[in-house]
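This briefing introduces one protein structure, topic by topic, for a reader who is meeting it for the first time. Please keep the sequence and the model open beside the text, and look up each residue as it is named.

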Amino acid sequence: MDGVIVVDKPEGLTSHDVVNRMRRLANTRKVGHLGTLDPMATGVLPLVLDRATRLAQFFSSGEKTYDARVQFGWATDTYDREGSPTSEPAEPRFTRAELEAVLARFRGTILQTPPPFSAKKISGTPAYRLARKHIAVELEPVEVQILALELGEFDGTTARLCVRCSAGTYLRGIAHDAGRELGCGAFLTSLRRTASGEFTESQARSLEALEELAREGMLERALIPAARVLPEIPSATVDALTAGQIRHGKDFRLSPFVERAGAKYVKAFSPEGDLIAIGEVRLPNLYHPVLVL
């Protein structure tokens with residue numbers, strides 16, 4: 001089970017809850033997720049299993065795509081519908097054009113202050129634990145990229161946003177900040193992740209479907225093998241002798257006649273087509289295995 005299973009995370013479970021469920025289904029402790037989703041959020045949650053957990057570091061900067069719903073009229077302490085109101089109700093009095101103008105300020109590279117109820121750590125303690133104790137939380141702004149932000153349906157009090165952004169972006173933060181800019185407060189009412197890096201909604205399976213496959217002894221049907229992930233990294237097949245040397249951590253050479261566009265990394269495949277390592281360039285056509293599966 002060396003590879004990735006994409007789960008369609010249901011509402012109400014933490015990402016760690018889903019990891020624990022998968023550990024039981026796959027009968028392995030080696031399971032990790034590629035990007036946290038809040039309990040309220042649903043959608044694409046890629047899980048890495050067994051030896052593929054070592055690949056997690058190479059997925060960290062993947063883009064995310066979300067479908068979000070925002071309610072205008074008041075703000076909450078968690079910046080979503082699960083929080084307590086922090087402002088008096090105020091009737092939204094702005095047009096679609098005015099909302100569009102505010103949203104335009106969030107496009108591109110911006111500095112975003114994470115919500116106080118977040119997993120960001122302050123002196124080693126997650127911010128949400130301090131916020132729950134009503135301890136003032138001050139988090140430093142973080143640079144994020146909003147690659148696309150489109151306004152869908154808007155009825156004067158609720159709006160649908162489709163967002164493509166860098167990892168680490170808080171959609172709750174965008175909703176909260178937009179409400180503040182418009183003078184009426186706002187919070188997230190629903191959030192669905194439709195893509196995470198190379199993994200999409202079409203690949204995601206519900207926990208119920210995965211449990212059924214596991215009962216039938218066919219969970220591997222849901223597995224995306226390690227050999228098929230990270231398509232942006234160039235690949236090369238090595239001979240059996242070189243494969244053995246790579247597995248012992250030795251540098252390896254690749255053909256100088258194959259163009260790799262100055263890539264920093266290369267995926268090394270065995271003659272049987274298995275991913276055996278990721279090498280980092282040291283000299284032209286010379287790679288060091290920084291990760292061996």
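A search of the whole structure, which is a predicted model, finds one cavity of 30 Å³ or more. The points below begin with that cavity and then turn to the largest pocket, the nonpolar cores, the salt bridges and two single residues.

**The largest cavity**

- The space inside the largest cavity comes to about 30 Å³, and its lining is made up of Val70, Phe72, Leu103, Leu161, Ile174, Ala175 and Ala178.
- Two elements, strand β4 (64–72) and helix α4 (171–182), each supply at least two residues of this lining, and α4 gives the most, with three residues.
- When the lining residues of the largest cavity are divided by character, seven are nonpolar, while no polar and no charged residues are found among them.

**The largest pocket**

- The largest pocket holds about 1200 Å³ of space, and among the 43 residues that line this pocket, Thr36, Leu37, Asp38, Ala119 and Tyr170 are the closest to its centre.
- Several elements give two or more residues to the lining of the largest pocket, namely α1 (15–26), β2 (31–33), β4, α3 (127–132), β8 (142–154), α4 and β10 (186–196).
- The lining of the largest pocket has a mixed character, since its residues divide into 21 nonpolar, 12 polar and 10 charged.

**The nonpolar cores**

- The largest nonpolar core has 46 residues, and those with the most contacts inside this core are Ile5, Met22, Leu47 and Phe72.
- Helix α4 provides the largest share of this core, with five residues.
- Apart from the largest core lies another core, of 21 residues, which includes Val6, Ile224, Leu275 and Leu291.
- If neighbours within four places in sequence are left aside, Met22 is in contact with Ile5, Val7, Asn27, Val31, Leu47, Leu49, Leu210 and Leu219.

**Salt bridges**

- Side chains of opposite charge can pair when their charged atoms come close.
- The structure holds 17 salt bridges, and one of them joins the side chains of Arg93 and Glu91, with a distance of 3.2 Å from N to O; both Arg93 and Glu91 are exposed.
- Another salt bridge is formed by Arg105 and Glu181, whose closest N and O atoms are 2.6 Å apart.
- Because Arg105 lies in the loop between α2 (96–104) and β5 (108–112) while Glu181 lies in helix α4, this pair ties together parts that are 76 residues apart in sequence.
- Arg105 counts as exposed because its relative accessibility is 52%, whereas Glu181, with a relative accessible area of 45%, is partly exposed.
- A further salt bridge is found between Glu280 and Lys264, where the closest N and O atoms are 3.6 Å apart.
- This pair links distant parts of the chain, with Glu280 in strand β16 (residues 275–283) and Lys264 in the loop between β14 (252–253) and β15 (265–269), 16 residues apart.
- Glu280 counts as buried at a relative accessibility of 17%, because the word is used for values under 20%, whereas Lys264 is partly exposed, with a relative accessible area of 47%.
- Salt bridges that share partners also join Asp67, Arg69, Glu153 and Arg160 into one network.

**Two residues to locate: Gly3 and Thr65**

- Gly3 has its place in strand β1 (residues 3–9), where this residue is buried, with a relative accessible area of 0%.
- Leaving aside neighbours within four places in sequence, Gly3 is in contact with Leu47, Val48, Leu49, Ala52, Leu223, Ile224, Pro225 and Ala226.
- From C-alpha to C-alpha, Gly3 and Ala195 are 18 Å apart in space, and they are 192 residues apart in sequence.
- Thr65 lies in strand β4 and counts as partly exposed, at 23% relative accessibility.
- Although Thr65 and Arg192 are 127 residues apart along the chain, their C-alpha atoms are separated by 8.6 Å.
- With neighbours within four places in sequence left aside, the contacts of Thr65 are Val163, Arg164, Arg192, Arg193, Thr194 and Ala195.

Note on methods. Residues are numbered from 1 along each chain as its sequence is written. This is a predicted model: local features need pLDDT of at least 70, side-chain atom pairs count only at pLDDT 80 or more; totals for chains, interfaces and linings use all residues. Side-chain values use heavy atoms; hydrogens and water are left out. On a 1 Å grid over the protein atoms alone, a cavity is a set of points where a 1.4 Å probe fits but cannot get out, and a pocket is an open set with protein on both sides within 12 Å along at least five of seven lines; lining residues have an atom within 4 Å of a point. Grid points are joined across faces, edges and corners, and a volume is the space filled by probe spheres set on the points. Helices (H or I, at least four residues) and strands (E, at least two) are DSSP runs, numbered from the N terminus. Ala, Val, Leu, Ile, Met, Phe, Trp, Tyr, Cys and Pro count as nonpolar, Asp, Glu, Lys and Arg as charged, and the others, Gly among them, as polar. A salt bridge is a side-chain nitrogen of Lys or Arg within 4 Å of a carboxyl oxygen of Asp or Glu. Buried means under 20% relative accessible area, exposed over 50%, partly exposed in between (1.4 Å probe, protein chains only). Contact means heavy atoms within 4.5 Å. A nonpolar core is a set of buried Ala, Val, Leu, Ile, Met, Phe, Trp, Tyr and Cys residues joined through side-chain atoms within 4.5 Å.
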